Protein chains: 2
Amino acid sequence: MNGWKERIGQWMEEHREEGVRLLRDMVQMPSKQGDEAPIQQLTARKLAEIGLKVDVWEPDGRQLQQHPYFYATRTDFTGSPNVVGVRKGTGGGRSILLNGHVDVVPEGDRRQWDDDPYSGKVENGRMFGRGVTDMKGGNVSLILALQAIDSLGIRLRGDVIFQSVVEEESGGAGTLAAVLRGYKADVALIPEPTKLHIFPKQQGSMWFRISVAGRSAHGGTRYEGVSAIEKSLLIVNHILALEKRRNNRITDPLYRNTPIPIPINIGVIQGGNWPSSVADLVKLEGRMGVAPDETMEAAQAEMAEWLDRLGQEDPWFALHPPVLEWFGARWLPGSVDPEHEFMLVLIEQFGSVTNQSPIIKASPWGTDGGTLTHAGGIPAIVFGPGVTEAAHFPNEYIELDQVFAAARIITLSVMAWCGVEE
Amino acid sequence: MNGWKERIGQWMEEHREEGVRLLRDMVQMPSKQGDEAPIQQLTARKLAEIGLKVDVWEPDGRQLQQHPYFYATRTDFTGSPNVVGVRKGTGGGRSILLNGHVDVVPEGDRRQWDDDPYSGKVENGRMFGRGVTDMKGGNVSLILALQAIDSLGIRLRGDVIFQSVVEEESGGAGTLAAVLRGYKADVALIPEPTKLHIFPKQQGSMWFRISVAGRSAHGGTRYEGVSAIEKSLLIVNHILALEKRRNNRITDPLYRNTPIPIPINIGVIQGGNWPSSVADLVKLEGRMGVAPDETMEAAQAEMAEWLDRLGQEDPWFALHPPVLEWFGARWLPGSVDPEHEFMLVLIEQFGSVTNQSPIIKASPWGTDGGTLTHAGGIPAIVFGPGVTEAAHFPNEYIELDQVFAAARIITLSVMAWCGVEE
């Protein structure tokens, strides 16, 4: 493999401009939910150019709805195609699945962006734009790896399957559809923005809503009512206590440096409708982290049971129990043995390219890796360019150097995993 | 006066049906802000019929804006006329101002009403509809009193001025306009729904908004952010402590049986916009009660100073102090000496009609009495039919018997106060 390292490094240098252009083109396509078709057409064209057999299809909402891991905000995927490209191996090697999503979260308040959110502008080695780190940069790393393999005439023994999916930001229905279409492999790599850290484990998550009842009254005689706002404070504190309890159980050394491995975030509060009335309803919405080795069902049951205890703390809750709902997006947790053979491959190739040891952690967020593992039985590891601190925020950016470093490491890892016909 | 009590009682019996019809007609006019013209035309016609000199005009927003006690959600009162009717006395008596508002708060969620909110339906001695207790019932008591005086040929010595005003529900600009037009008297009576209790003192109130800053982050790494929701909980508790402190100072025996004489109600909470993001802004909106003998300015200063202390409790607040605004409607507090001569008159006539002693309290809400006192120098007492528990709520109602009892007591009190030419 030693000779390859240099040749691949050189190839990446020579194709830097082309890679940056591809990433810019992709960023300039605002592929929010429902608008993924243009970037998927570009991806399909590119994959065909570099020798992959390409499959483009719109997920079938009716079929998906039958599946226990279908979580989505819609059931009609018209105009939102998945793309899969397959490079068959010569035989006798292990297969790998490379998975990246093309959907991006909305740009939000445009006034908070220094430039157009879809500019793809480059400044000081960084490209800016919605989706550039989450995760079009990672997708370009994958495409560069596949192009280098093709262009350098490398004959892999195992199959490589590239899934360019929709719907990751809304619960993973795109990846689920690809698994149900039969695209599987011995291992999966997802280049979500890990800052080139390696994540064998991923936190799952799901959204909840808690409705807290009060009793209305005029503000001037507020003692005649019961404030749902004051009651909701008790619930926020109760949830914080649950978070503490759940995190005290986490002993996995991968979480050693994580202040709260599986947070419960209450992100939205909304209640009352008149300053001088006592609020009779408050809604809390949040995200519950799920441990890599935990099931969604167990986490849900623990939350429900915990809320049930409120009745003992405050008789109001015994008569008016808070109502818990699970709604919106969810991501399954994922977990791969840190000694898995592809982990060893990735660690070795990371060291070979960077002359450093990689940082190995558990991810603080879910990815489509959970779906690949739970629905497809495919161990999934997350490793990619970019930083999550930039994801979902104004002025999202990626360090371009990381895109090319990831591409080099991924190329060599795919070769080492799949085997190369000399 | 003894003969009069019976004659007036009998007159009210004979005119019960007519009074109920008038109240029903008024309730069937949905006189929400901006839609007060029809009911004011009806009122003006009625006042003219019973011998008052009538003045109808639209308040001048430009003039009102110059006044320090102008609080309103609008400055254009086109289509929202005030009506004043004057019955000049024969001379040598004390004058009285009778004040009632015709504006009603919106009906809210119609599904919570058993009937059309503007039905004016009568059932078991109660009339139902938005505004029937707040305060069209009181207005009808006033009109019945004026009609009885006219119809029975009672020649009062002092002047009677009836102000039928707009804008009470939005800060009192209608009454302020009537005062600025020169309509004043030696004392004022406002028949807001007191359940026939007598309120020589009224709580003032004003609305505030507190903006609480946080720092956004992804919910999966929520420890990288600062939750404005958690910070807002500290502020709610801090405000509760201020409420306690302010109420501990109240020693007025009129508040003996009031759990919280001057409440601070936080009625609205709103913050965050994504379940899996850390909320970076929460807004709290509420109503601060102002003691009858306190100024609005002193209460505002106390709240501001109290919030300033948060920086000592939590360094976050030192760097990101909560932002306090005063917005929307406000009502000035009011206070009359419980030994004021009109108090004695009202107590005596209440006893004469009901054979009971009246309950004397301080009101838990503001009325236009504060404006009459502070802007017009007119002592104001609140006494009227209906219950505030029904005001502003679905299925608002009034006990019709109370409307006529109030009318009898008010007729006799006006006579005793103004004096009667035998």
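**Exercise 1. Which strand of chain A do two bridges join to β4(A), and in which sense, parallel or antiparallel, do they run?**

Before the solution, the conventions are stated. This is a predicted model, in which local features need pLDDT of at least 70, side-chain atom pairs count only at pLDDT 80 or more, and totals for chains, interfaces and linings use all residues. Residues are numbered from 1 along each chain as its sequence is written, while chains are lettered from A and ligands numbered from 1 in the order in which they are written.

Solution.
- Step 1. The elements are DSSP runs numbered from the N terminus: helices are H or I with at least four residues, and strands are E with at least two. Two strands pair if DSSP finds at least two bridges between them.
- Step 2. Strand β5 (residues 126-128) of chain A is joined to β4(A) by two bridges, and they run antiparallel. Within β5(A), Met127(A) is the bridge partner of Val122(A).
- Step 3. The open sheet has three strands in the order β4-β5-β16 (chain A), paired antiparallel. Because β4 (122-123) and β16 (397-399) of chain A are edge strands with a single partner strand each, one side of each lacks a neighbour in the sheet.
- Step 4. Helix α5 (residues 132-151) of chain A packs on the sheet and touches β5 and β16 of chain A. Contact requires C-beta atoms, placed from the backbone, to lie within 7 Å. The direction of α5(A) makes about 40° with that of β16(A).

**Exercise 2. Describe the packing of α6(A) and α12(A).**

Solution.
- Step 1. Two packed helices are described by the angle between their axes and the distance between the axes. Axes are lines fitted to C-alpha atoms, for helices over the stretch in contact, and angles run from 0 to 180 degrees between N-to-C directions.
- Step 2. Helix α6 (residues 173-180) and helix α12 (residues 369-376) of chain A pack at about 35°, and their axes are 9 Å apart.
- Step 3. The crossing is right-handed, that is, the near helix is turned clockwise from the far one by less than a right angle, anticlockwise being left-handed.
- Step 4. From α6(A), Thr175(A), Leu176(A) and Val179(A) make the contact; from α12(A), Thr371(A), Leu372(A), Ala375(A) and Gly376(A) do so.

**Exercise 3. State how the domains of chain A are placed and joined.**

Solution.
- Step 1. Domain 1 covers 2-202 + 333-418 and domain 2 covers 204-328; such bounds come from an automatic or database domain assignment.
- Step 2. Their centres, taken over C-alpha atoms, are separated by 35 Å.
- Step 3. Each domain gives 13 residues to the contact. On the side of domain 1, β8 (198-202), β13 (334-335) and β14 (360-363) of chain A each supply at least two residues, and β14(A) gives the most, with three.

**Exercise 4. Relate chain B to chain A and describe their contact.**

Solution.
- Step 1. A rotation of 180° with 0.0 Å of shift along its axis superposes chain B on chain A, with RMSD 0.1 Å. Superposition is by least squares on the C-alpha atoms of residues with pLDDT of at least 70 in both copies. The two copies are therefore related as by a two-fold rotation axis.
- Step 2. Among residues of chain B, Gln270(B) comes closest to the rotation axis, with its C-alpha at 2.2 Å.
- Step 3. The contact takes 41 residues from each of chain A and chain B. On the side of chain B, β10(B) provides the largest share, seven residues.
- Step 4. Strand β10 (residues 264-271) of chain A pairs with β10(B) in the antiparallel sense over three bridges. Opposite Gly271(A) stands Ile269(B).

Key: Contact = placed C-beta atoms within 7 Å.
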